[in-house]
Structures are given as C-alpha cells and as structure tokens.
Amino acid sequence: MDGVIVDNHKYHFRAWMEFATKYHFILNEEIYRTQFNGKTNADLFRMIFGEITNEKIFSYAKEKELNYQNIYKSEIKPHTGLLEFLEELKIKKYKLALGTSAPKMNVDFTLNSLGIRDYFDVIVDGSEVKKGKPDPEVYIKCSAFLGLQPDQCVVFEDSLAGLISGKNAGCHIIGVATSHNKEELMSIVEDIIVDFTEIRKFITI
C-alpha cells in the first residue's frame, strides 16, 4: 500500500521524525529507508524500545499514525496511473489483493480517502501477520485468500524488504521506484516502474 498505491514516503518520514524527536532515538532518511520500510508497527516499536507490551505498542502506533494522517490528509492522492490500472484489471476479471504491513487504521484511511476499497477482493494488513516483511507470510496469505498459487500472482512493492517478501513467497515481483530509486531496487528486481503509466513495459493485461 504505502509507496505503491500512494507515494507517501515523505509524509511517513515526517511523522516518524517527530516521533523520534519526542522519544529521543536516532532516526534519519537512510535508517528509515533501510530499516523501517515494510515492517509492521509491532516489529518497529520493539526494535526501538525493546520488549514492550502489546498495549504500549498500540499506544505508540496510534500516536504516530494519527500524526501521519493529520500531516497527509490534505495531500493524499492515488499514485500516478493507479486508478486506470485498477479499473482495467477489474473489467478483465483479475483478482486483486492488498497486502501491507500497515495497521488497519492506515488501510482504512487510505482506501476510504481514495474511494478504492471495492477494487480489492482481499485485504491483509499488519495485524493479520505474525512476521513482517521480508518474511513472505503476508503474500502467502494474500495468494491463499485469492485462491491462487503464489507463482500465479504479481506483487508490486516499493521497499527492499517487501520485494524480498514477495520473491520468497514465490510470486513474480515488480519494483515501484518511490521510496527507493531504480538503482537501489535493481539489487533485487529487474522489472521496475516509476508509476503505473509504465506498467505495460512488463505485463500485458
């Protein structure tokens, strides 16, 4: 979702930087891109604070995500070419899943703000997986809920951890160069788009 459906890297980063300043831990662009992208909030807050309770994780997550939503709500828009791509896929009866490490509150915020929930047959968010990316669990679940084998699925991912997750699940992977540039993504995937107007370089619908 993040970095694919919406190009929102800078808004999450701003919210995380404010959180880091408040709670006094080191964070910068490089740490965020290489260690934060693709992970669940549970994984992130345990990485930051150590072994903390689920209640504390929920409290921190709600604080950070409400700040992110407040920062982004007036700017949110679908990634370039996304709506046309989704519409064509639905017309041609492709099955669509949204697999994300994001919490449900951000999934609801994004899908409801953009009005695109009905395009997706399956939604798996961060609360439904025990292991965050790069573990393949989220994409294995997506393919199973769609009634497909992983090798019948194409995963679009902006993060390195996400691309590894999709690859390890056995899916075909396409990189979306938002959170990382093409050169960084090329360490994992050869098929890379900047936005969804370029999708026909790699797949025929």
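How far is the sulfur of Cys171 from the closest cysteine sulfur, and which residue holds that sulfur? The points below take this up, then turn to salt bridges and aromatic rings. Note that the model is predicted.

1. **Cys171.** The closest cysteine sulfur to that of Cys171 belongs to Cys153. The gap is 5.0 Å, too far for a bond. A disulfide needs the two sulfur atoms within 2.5 Å. Cys171 has 9% relative accessibility, so Cys171 counts as buried.

2. **Disulfides overall.** Searching the whole structure gives zero disulfides. Cys142 is likewise in none. For Cys142, the nearest cysteine sulfur is that of Cys153, 8.2 Å away. Cys142 is buried too, at 5% relative accessibility.

3. **Salt bridges in helix α2.** The whole structure has 14 salt bridges. One of them joins Glu30 to Arg33, with the closest N and O atoms 3.1 Å apart. Both residues sit in helix α2, three residues apart, which is about one turn of the helix. Their exposure is worth noting. Glu30 is partly exposed at 45% relative accessibility, whereas Arg33 is buried at 14%. The pair also belongs to a network of salt bridges that links Glu29, Glu30, Arg33 and Glu184.

4. **Salt bridge in helix α7.** Lys141 pairs with Glu137, and here the closest N and O atoms are 3.4 Å apart. Helix α7 covers residues 137–146. The two residues are four apart in that helix, so about one helical turn separates them. Lys141 is partly exposed, at 27% relative accessibility. Glu137 is buried, with a relative accessible area of 15%.

5. **Lys201 and Glu198.** These side chains meet in a salt bridge at 3.7 Å, N to O. Lys201 is exposed, with a relative accessible area of 54%. Glu198 is buried, at 18%.

6. **Aromatic pairs.** The structure holds 23 aromatic pairs. Take Tyr32 and Phe36: their ring centres are 5.9 Å apart and their planes meet at 45 degrees, so the pair is tilted. Tyr32 and Phe36 are four residues apart in helix α2 (residues 29–36), so about one helical turn lies between them. Both are buried.

7. **Aromatic cluster.** Tyr32 and Phe36 also belong to one aromatic cluster. Its other members are Phe13, Trp16, Phe19, Tyr23, Phe25, Phe45, Phe49 and Tyr60. Helix α2 therefore supplies the tilted pair Tyr32 and Phe36 and holds the salt-bridged Glu30 and Arg33.

How values were computed. Residues numbered from 1 in each chain as written. Predicted model: local features only at pLDDT ≥ 70, side-chain atom pairs only at ≥ 80, totals over all residues. Heavy atoms only, no water. Phe/Tyr/Trp six-rings, centres within 6.5 Å; stacked < 30°, edge-to-face > 60°. Buried < 20%, exposed > 50% of the residue type's maximum accessible area, 1.4 Å probe, protein only. Salt bridge = Lys/Arg side-chain N within 4 Å of Asp/Glu carboxyl O.
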